[in-house]
Amino acid sequence: QDIQMAPVSYPNCKGYTMGLRYGLGSLMYGMKEMYRGEILILGNPRIRPWDICIIRDEYNDMVGPVEVEAVVHMLSHETGFLTEIRPNAVVMANSTV
């Protein structure tokens with residue numbers, strides 16, 4: 001297994017416990033980039049940015065909520081009404097420090 005490390009520097013972070021919290025927050029925001037790209041679905045005019053959708057990814061065997069970062073509605077006579085969603089994974093941290 002490859003372990004990837006990145007320096008995290010916060011000038012207000014003092015102490016071990018605060019370091020754990022800041023590190024957890026950094027990991028949490030980094031995980032939001034887990035899903036990149038776009039999801040193309042049949043047109044749904046009710047989908048707006050910051051909505052929460054449930055995705056079932058059979059290729060990666062993952063199921064869960066994604067946040068709509070951006071949405072584009074397209075209408076043409078060749079393809080009909082389509083909605084393109086740019087997702088962000090919904091990430092929650094369980095801090096028991």
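Which residues does Ala89 touch, not counting residues up to four places away in sequence? The list runs Met31, Lys32, Met34, Tyr35, Pro65 and Val66. Keep in mind that this is a predicted model. Below is a quick tour of the core, the one aromatic pair, the main pocket and a few individual residues.

**Nonpolar core**

- The largest nonpolar core has 9 residues in all: Tyr35, Ile47, Cys53, Ile55, Val66, Val68, Val71, Ile85 and Ala89.
- Strands E2 (52-57), E3 (62-76) and E4 (80-89) are the elements giving two or more residues to this core.
- The top contributor is E3, with 3 residues.
- As background, nonpolar side chains in soluble globular proteins tend to be buried together.
- Back to Ala89: this core member touches Tyr35 and Val66, among others, and both of those also belong to the core.

**Aromatic pair**

- If you go looking for ring pairs, the count comes to 1.
- That pair is Tyr10 with Tyr22, sitting 4.8 Å centre to centre with 50° between the planes.
- The geometry counts as tilted, because an angle has to be under 30 degrees for stacked or over 60 for edge-to-face.
- The two rings come from distant parts of the chain, 12 residues apart: Tyr10 belongs to the segment before helix H1 (16-31), and Tyr22 is in helix H1.
- Neither ring is tucked away by the accessibility numbers: Tyr10 is partly exposed at a relative accessible area of 37%, and Tyr22 is partly exposed too, at 29%.

**Largest pocket**

- The largest pocket holds about 230 Å³ of space.
- Its lining is made of Gln4, Met5, Ala6, Val8, Gly23, Ser26, Leu27, Gly30 and Met31.
- Sorted by class, that lining comes out as 5 nonpolar and 4 polar residues, with no charged ones.
- Met31, one of the lining residues, also turns up among the contacts of Ala89.

**Around the segment before H1 and the loop after it**

- Ser9 sits in the segment before H1 and is exposed, at a relative accessible area of 67%.
- From Ser9 to Ser26 is 10 Å between C-alpha atoms, with their positions 17 residues apart along the chain; Ser26 is one of the pocket-lining residues.
- Glu33 is placed in the loop between H1 and strand E1 (39-42).
- Is Glu33 buried, exposed or partly exposed? Its relative accessibility is 43%, so it counts as partly exposed.
- The C-alpha atoms of Glu33 and Val91 are separated by 10.0 Å, although the two are 58 residues apart along the chain.

**Gly64 in strand E3**

- Gly64 is part of strand E3, the strand that gives the most to the core.
- With a relative accessible area of 15%, Gly64 is buried, because the cut-off is under 20%.
- What does Gly64 touch, leaving out residues up to four places away in sequence? Its contacts are Cys53, Ile54 and Ile55, and Cys53 and Ile55 are core members.
- Measure C-alpha to C-alpha from Gly64 to Val8 and you get 28 Å, for a pair 56 residues apart in sequence; Val8 is in the lining of the largest pocket.

**A backbone oddity at Trp50**

- Most residues other than glycine have a negative phi.
- Trp50 has a positive value, with phi near 75°.
- Trp50 is found in the loop between E1 and E2.
- Trp50 is also exposed, with a relative accessible area of 59%.

Notes: Residues are numbered from 1 along each chain as its sequence is written. This is a predicted model: local features need pLDDT of at least 70, side-chain atom pairs count only at pLDDT 80 or more; totals for chains, interfaces and linings use all residues. Side-chain values use heavy atoms; hydrogens and water are left out. A nonpolar core is a set of buried Ala, Val, Leu, Ile, Met, Phe, Trp, Tyr and Cys residues joined through side-chain atoms within 4.5 Å. Buried means under 20% relative accessible area, exposed over 50%, partly exposed in between (1.4 Å probe, protein chains only). Helices (H or I, at least four residues) and strands (E, at least two) are DSSP runs, numbered from the N terminus. Contact means heavy atoms within 4.5 Å. Rings of Phe, Tyr and Trp (its six-membered ring) pair if their centres lie within 6.5 Å; planes under 30 degrees apart count as stacked, over 60 as edge-to-face and the rest as tilted. On a 1 Å grid over the protein atoms alone, a cavity is a set of points where a 1.4 Å probe fits but cannot get out, and a pocket is an open set with protein on both sides within 12 Å along at least five of seven lines; lining residues have an atom within 4 Å of a point. Grid points are joined across faces, edges and corners, and a volume is the space filled by probe spheres set on the points. Ala, Val, Leu, Ile, Met, Phe, Trp, Tyr, Cys and Pro count as nonpolar, Asp, Glu, Lys and Arg as charged, and the others, Gly among them, as polar.
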